Amino acid sequence: MTHRAVIVGTGHYTPDGILTNADLERIVDTSDEWIVSRTGIRERRIRANGEATSDFVVSAAREALEKSGKQPADLEAIIVGTVTPDYRLPSTACVVQQKLDAPKAAVLDIAAACAGFIYGLALGKALVEAGMYRTILVAGAEALTSITNYEDRNTCVLFGDGCGCAIVARSENGDRDRGILAAHISGDGRLGDLLNMPIGGSKVPLTPENYHERGHLLHMDGREVFKHAVREMADSCLQSLAQAGLSVEDIDLIIPHQANIRIIDALAKKLHADRDKVFVNIQRYGNTSSASVPIALNEAMRMGIIKPGMRVLMTAFGGGFAWGSAIVRF
Ligand code: COA
């Protein structure tokens, strides 16, 4: 028997520190006008010294658990989408398990960059539907400012820190209309060089000699990434819509990855979606990679924008390339 996977609670956390465009004007050769007109970003959150990705997850998870009426001990799996883990070993999910005190949970990090939360949601859906688990924490969390190159104006104006999460659980009332209706994930490893960190892995370890190259920090060919992001997110959304037997008119809210306001606008246009149905908070957070969709999801929840019965389409695209989408009825 196939079970139904539902989202029973969401949460998010962003650190208190704020880096404004005016602050960045003092760090690199840029301007508030350039950043706002090219990206839509006005400020982003930055972590305090010593604050790690796992700390973000724990704060966000506490909110999601409370809203879902679950305890940490109920969690059977913890899935964390992140490219900024606390350590290379153990996984951030392991650290979260210990800090939350969720002793039963299986622990897994997903390295799908900005698509990490959508990948986690797709996996969580599959695990619940297969009957393997009843309650899973899926988080997207990034301390992106820890891998941002503040000497590179092409990228440093874009990124911020934070976490969003969802509790994915088996539906107990057999309601076939609600829950995660569809999920689609895909990728293209041939384009990995367009958005990467070439130094610091097993192929080219970080050494005192290559440190100055800054290859252990994020590098991106923004213009190329832009084109692929719009195309693949639109295609993925159509695949999820087809899977669910829905059209874009049936969707009440679209939550796209918050990477660039122009990408969001182009995506809405390509999908022929009503722009008023597209949730945007990029002006306050910048691009928080895997955290961006679930932060937006929980903000929309807190603001009362998402009401029972609404269908929400989420989509993300990022380094790898990896991308995906999901449709959830609340
Ligand atoms: N301030 C001022 N000027 C800047 C700048 C900054 N922060 N960053 C770049 N520029 C300059 C460039 O040097 C370039 O100058 P040049 O023409 O003299 O060489 C000019 O602005 C235009 O650069 P370009 O790269 O063409 O700008 P763009 O319109 O493509 O916008 C991005 C750049 C990065 C904002 C945009 O490409 C983008 O958002 N891409 C997707 C990024 C993304 O979302 N990645 C995450 C994964 S989804």
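Modeller: Two strands count as paired if DSSP finds at least two bridges between them. The model discussed here is predicted.

Biologist: Why are β6 and β7 called paired strands?

Modeller: Nine bridges join β6 (residues 135-143) to β7 (residues 161-170), and at least two are needed, so the two strands pair. They do so in the antiparallel sense. One of the residue pairs is A143 with its bridge partner D161 in β7.

Biologist: What makes β1 and β5 edge strands?

Modeller: Their sheet is open and has five strands in the order β1-β7-β6-β4-β5, with mixed pairing. β1 (5-13) and β5 (106-110) each have a single partner strand, so one side of each is left without a neighbour in the sheet. Neighbouring strands here are turned by 15° against each other on average, direction ignored.

Biologist: Which strands stand at the edges of the sheet with the order β8-β13-β12-β11?

Modeller: That sheet is also described as open, with four strands and mixed pairing. Its edges are β8 (179-187) and β11 (253-256); each has a single partner strand, so one side of each lacks a neighbour in the sheet. From one strand to the next the twist averages 10°.

Biologist: How do you know that β12 and β13 pair?

Modeller: Between β12 (residues 311-318) and β13 (residues 322-329) there are eight bridges; the rule asks for at least two, so the strands pair, and they run antiparallel. T315 has S325 in β13 as its bridge partner.

Biologist: What makes the approach of W34 to the ligand a polar contact?

Modeller: An N or O atom in the side chain of W34 is 3.4 Å from a nitrogen atom of the ligand. The cut-off is 3.5 Å, so the pair qualifies. For G222, a backbone N or O atom lies 2.9 Å from a ligand nitrogen atom, which is also within 3.5 Å. For R223, a polar side-chain atom lies 2.4 Å from a ligand oxygen atom. The protein covers 77% of the 950 Å² of accessible area that the ligand has on its own.

Biologist: Which element gives the most to the shell around the ligand?

Modeller: α7 does, with four residues. The ligand is surrounded by 21 residues, and the closest are T30, R38, R153, R223 and N260. By class, the shell has nine nonpolar, seven polar and five charged residues.

Biologist: Why is the ligand said to lie between domain 1 and domain 2?

Modeller: Domain 1 (5-170) and domain 2 (179-329) both give residues to the shell around the ligand, so the ligand lies between them.

Definitions and conventions:
Residues numbered from 1 in each chain as written. Predicted model: local features only at pLDDT ≥ 70, side-chain atom pairs only at ≥ 80, totals over all residues. Heavy atoms only, no water. Near = heavy atom within 4 Å. Polar contact = N/O pair within 3.5 Å; in protein donor to acceptor, adjacent residues only side chain to side chain. Areas by Shrake-Rupley, 256 points an atom, 1.4 Å probe, with all protein chains shown as cover. Nonpolar A, V, L, I, M, F, W, Y, C, P; charged D, E, K, R; others polar. Domains from an automatic or database assignment. Axes fitted to C-alpha atoms, helices over the stretch in contact; angles between N-to-C directions.
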